There are 2 protein chains.
Amino acid sequence: MSTVVVQKFGGTSVGSTERIKRMADRVIQEKKKGHDVVVVVSAMGKTTDALVKMVGDITSEPSKREMDMLLSTGEQVTISLLTMALHQQGVEAISFTGWQAGIQTDSVLGNAHVQSIDTKRIRNELDNGQVVVVAGFQGMTEDGNISTLGRGGSDITAAALASALQADRCEIYTDVDGVYTSDPRFVPKASKITSLSYEDMQNLAIMGAGVLHPRAVKHAKKFGVPLIVKSSFENGRGTMIHGKAKQNGSTPVIGITFEEDINRIELFDCEDIEGLKKALMCELASRHIQADVYKQSCRNILSLLIKKNDHQEVLSILNEGKDKENWVYSRIEGKSGLSKVSAIGQNIKSQPIIKMNMCKILLENAIRVKLVGESAISITAVVEKSQVQLAAERLHTGFGLDYEVVMKASV
Amino acid sequence: MSTVVVQKFGGTSVGSTERIKRMADRVIQEKKKGHDVVVVVSAMGKTTDALVKMVGDITSEPSKREMDMLLSTGEQVTISLLTMALHQQGVEAISFTGWQAGIQTDSVLGNAHVQSIDTKRIRNELDNGQVVVVAGFQGMTEDGNISTLGRGGSDITAAALASALQADRCEIYTDVDGVYTSDPRFVPKASKITSLSYEDMQNLAIMGAGVLHPRAVKHAKKFGVPLIVKSSFENGRGTMIHGKAKQNGSTPVIGITFEEDINRIELFDCEDIEGLKKALMCELASRHIQADVYKQSCRNILSLLIKKNDHQEVLSILNEGKDKENWVYSRIEGKSGLSKVSAIGQNIKSQPIIKMNMCKILLENAIRVKLVGESAISITAVVEKSQVQLAAERLHTGFGLDYEVVMKASV
């Protein structure tokens with residue numbers, strides 16, 4: 001059996017027919033090395049925006065099922081065009097939608113999780129010498145509905161396929177050339193990380209590093225498939241994600257992440273704050289809504305930090321739950337226009353000095369902190385959106401992650 | 001069990017989000033009458049052209065499988081948008097792709113025939129009170145590939161579904177307000193036919209009346225479901241197609257049809273002209289290529305009239321067959337830029353006067369006739385494309401079909 005390599009090309013990488021042809025060349029290079037190649041693609045650059053715009057003309061509250069039906073066409077266009085580009089170069093190839101590729105998801109439409117992959121059809125085609133081109137971001141529910149995997153969905157498809165096929169590696173081609181200690185568009189001194197453990201990458205991703213979805217990392221980790229993040233347009237080594245976390249040197253902080261457009265919902269005077277917290281987290285998880293839930297016990301306030309786009313849905317969850325036992329609080333307050341900035345590292349909570357340093361750095365730079373929360377792998381400060389870039393830069397410097405410092409240390 | 005009504009909206013009818021909303025109103029009108037409504041839609045106006053243009057950037061010889069993968073996204077976009085428009089009006093609705101609707105086709109990709117429809121899923125949803133919105137033009141092969149039904153495919157989907165669901169009627173909403181004695185864009189004196197038998201409609205359609213695909217009529221005829229062709233934008237009765245053909249009065253000619261962009265392929269000095277004709281017709285039929293095959297016995301020439309777009313494929317069939325028994329001829333000659341014009345009527349061949357009149361009318365108008373062929377239901381003349389409109393107009397007048405004549409006769 002040949003080695004399987006999975007290659008994933010994001011929306012920018014396949015943003016035009018010209019680029020699709022260039023990506024076909026990358027696929028062919030890999031195929032010529034004698035590997036079985038599975039390619040996963042996203043929708044072409046602006047396709048999704050154009051589809052969403054049409055929806056806006058029709059309704060402000062589209063059903064999730066119909067949105068998935070609509071948006072899944074985007075990748076279907078790309079797979080056929082890329083396959084044609086491969087044929088044009090004389091390479092045998094076949095395209096599969098998510099359901100044809102055997103990708104079964106749960107029923108959380110719009111944000112589904114991959115449950116299982118029946119790889120029979122892909123294996124057959126690989127054995128026939130075909131390059132298999134799979135539509136990312138999509139699958140099928142048990143009821144035969146088309147589902148989509150939410151943000152970062154194509155990465156998830158690629159990693160899940162790589163795992164199911166026990167691939168040699170999964171290459172994620174994107175518009176950045178690797179994983180950085182922070183987002184280099186906001187923090188110019190961010191430095192590239194050449195090698196990273198699954199856990200460290202998961203922690204960065206969970207707390208906002210947009211380069212990979214945490215579930216993509218989880219799928220790759222499951223069978224130990226190395227994930228490689230590299231540029232679609234340049235030839236570089238990129239970042240390899242593999243193996244176990246090592247203990248870091250002087251600081252356990254491996255990166256500074258941030259998320260903009262965060263809303264906060266506060267529930268005041270909770271009667272059973274612990275019970276409500278558990279029940280809410282359970283309900284949010286079942287709907288695949290990512291949220292940080294912190295309790296301020298002294299005042300019986302439960303604070304939820306959620307993405308702006310989830311705000312309406314969280315409010316309806318709260319509304320639906322209002323007659324349940326334990327869901328007792330006096331009032332709700334919402335606030336938008338916030339951002340989260342986090343210092344990430346293994347067991348960071350066990351070193352209180354990190355949290356102290358973080359607060360000190362933010363204070364010294366006159367950054368107004370709304371809330372500080374912590375978990376085993378992160379210390380998170382909530383700040384105004386207007387101050388998040390400054391906060392990220394200062395924390396990045398403060399924790400010794402700046403490019404020139406890292407370079408010096410590695411000499 | 002309620003009455004099922006199938007409504008089909010073509011590409012122009014759903015050409016914009018504004019028009020989709022208008023079609024939703026038509027659906028709701030029907031639903032409010034208490035019927036179970038199944039809606040079949042085409043791709044939005046220019047979508048297919050845009051997709052085909054992208055293919056042109058990549059390859060001049062796209063694989064049929066990948067073309068079907070690509071083009072089928074067009075209807076998938078429309079079904080989701082129309083379903084959202086119905087939801088927006090408070091009407092329960094659900095969309096299905098061809099494969100979700102249980103439409104199974106043969107494996108002639110790009111021009112597949114519907115083989116069977118498993119209506120279970122549609123029935124369930126109708127029983128739940130849902131309007132079911134189905135993607136026209138597409139189905140799935142036994143191997144799980146997405147197939148498309150070729151020209152007029154959405155009409156075929158609608159009629160096949162209406163038949164499988166034993167619908168009360170199948171309404172085809174289009175940009176013309178019914179079936180005419182000829183194409184009114186070319187023959188201004190064409191008159192609308194208010195009622196027509198399945199057979200007469202099939203004959204018109206087979207010989208080029210573009211308003212309906214002959215296979216759509218065939219599906220409707222199978223279970224006697226009335227087909228109604230009417231305008232998407234005006235309120236009129238349209239044309240009802242149902243029941244058996246009646247004997248016509250003074251002339252058996254019910255319409256003049258024509259097809260532009262016809263190519264002729266001539267095979268000279270055929271050794272076994274009868275054997276070759278049969279073998280060729282068999283091969284063409286298996287690939288769903290429509291062709292008129294005429295033999296000019298005196299000179300052992302076999303003439304094929306085919307659509308311009310099928311020319312390459314017919315040449316490869318001839319090439320592949322060249323070693324077969326009976327496939328012996330001295331040379332091939334091709335000619336493009338032709339058109340067919342036909343007089344249509346039941347048993348027309350049995351009345352030689354029609355053919356004589358046709359030749360006379362064409363001769364009197366200085367129309368150069370390349371070939372005259374006949375079948376049980378048609379007399380066809382092949383002319384230069386530049387003369388086809390003149391030919392159609394003169395034959396229309398000559399056979400007493402002009403609007404004012406028809407009106408006078410019906411008084």
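Student: How do the axes of helix α10 and helix α11 of chain B cross?
Tutor: The axes of α10(B) (residues 352–364) and α11(B) (residues 388–398) cross at roughly 130° and come within 10 Å. Axes here are lines fitted to C-alpha atoms, for helices over the stretch in contact, and the angles run from 0 to 180 degrees between N-to-C directions. Helices (H or I, at least four residues) and strands (E, at least two) are DSSP runs, numbered from the N terminus.

Student: Hang on, what kind of model am I looking at, and how are things numbered?
Tutor: It's a predicted model: local features need pLDDT of at least 70, side-chain atom pairs count only at pLDDT 80 or more, and totals for chains, interfaces and linings use all residues. Residues are numbered from 1 along each chain as its sequence is written, while chains are lettered from A and ligands numbered from 1 in the order in which they are written.

Student: Okay, back to those helices. What do we call that arrangement of α10(B) and α11(B)?
Tutor: The angle makes α10(B) oblique to α11(B). Angles under 35 degrees count as roughly parallel, over 145 as roughly antiparallel, 65 to 115 as roughly perpendicular, and the rest as oblique.

Student: And is the crossing left-handed or right-handed?
Tutor: α10(B) passes α11(B) in a right-handed crossing. A crossing is left-handed if the near helix is turned anticlockwise from the far one by less than a right angle, and right-handed if clockwise.

Student: Which residues make the contact?
Tutor: From α10(B) there are N357(B), M358(B), I361(B) and L362(B), and from α11(B) there are A391(B), R394(B), L395(B) and G398(B). Two residues are in contact if their C-beta atoms, placed from the backbone, lie within 7 Å.

Student: What about α2 and α3 of chain B, how do they pack?
Tutor: α2(B) (residues 47–58) and α3(B) (residues 64–88) pack at an angle of about 155°, with their axes 9 Å apart. That makes α2(B) roughly antiparallel to α3(B). Their crossing is right-handed. On the α2(B) side the contact uses T47(B), T48(B), L51(B) and V55(B), and α3(B) brings L70(B), L71(B), G74(B) and V77(B).

Student: New topic. How are chains A and B related?
Tutor: A turn of 180° and a shift of 0.0 Å along the axis lay chain A on chain B with an RMSD of 0.0 Å. That is the relation of a two-fold axis. The copies are superposed by least squares on the C-alpha atoms of residues with pLDDT of at least 70 in both.

Student: Which residue of chain A comes closest to that axis?
Tutor: T73(A), whose C-alpha is at 2.7 Å from the rotation axis. The same surface serves both copies, and 100% of the contact residues of chain A recur in chain B.

Student: How many residues does the contact take from each chain?
Tutor: It takes 28 residues from chain A and 28 residues from chain B. On the side of chain A that touches chain B, the elements giving two or more residues are α1 (17–32), α2 (47–58) and α3 (64–88) of chain A. α3(A) gives the most, with 14 residues.

Student: Now H219(A). Is it buried or exposed?
Tutor: H219(A) counts as buried, because it has 25 C-beta neighbours inside 10 Å. Buried needs 20 or more other C-beta atoms within 10 Å of a residue's own, exposed means 12 or fewer, and partly exposed is in between, with C-beta atoms placed from the backbone.

Student: Where does H219(A) sit, and what does it touch?
Tutor: H219(A) is in helix α7 (residues 214–222) of chain A. Leaving out residues up to four places away in sequence, H219(A) touches I156(A), A159(A), A160(A) and S163(A). Other buried residues in α7(A) include R215(A), V217(A) and K221(A).

Student: What covers the buried residues of α7(A)?
Tutor: The cover includes α5 (153–164), β9 (169–174), α6 (198–206), β13 (227–231) and β14 (239–241) of chain A.

Student: Last one: what's unusual to look at in A366(A), and where is it?
Tutor: A366(A) has a positive phi of about 55° although it is not a glycine. A366(A) lies in the loop between α10 (352–364) and β19 (369–375) of chain A, and with 8 C-beta neighbours inside 10 Å it counts as exposed.
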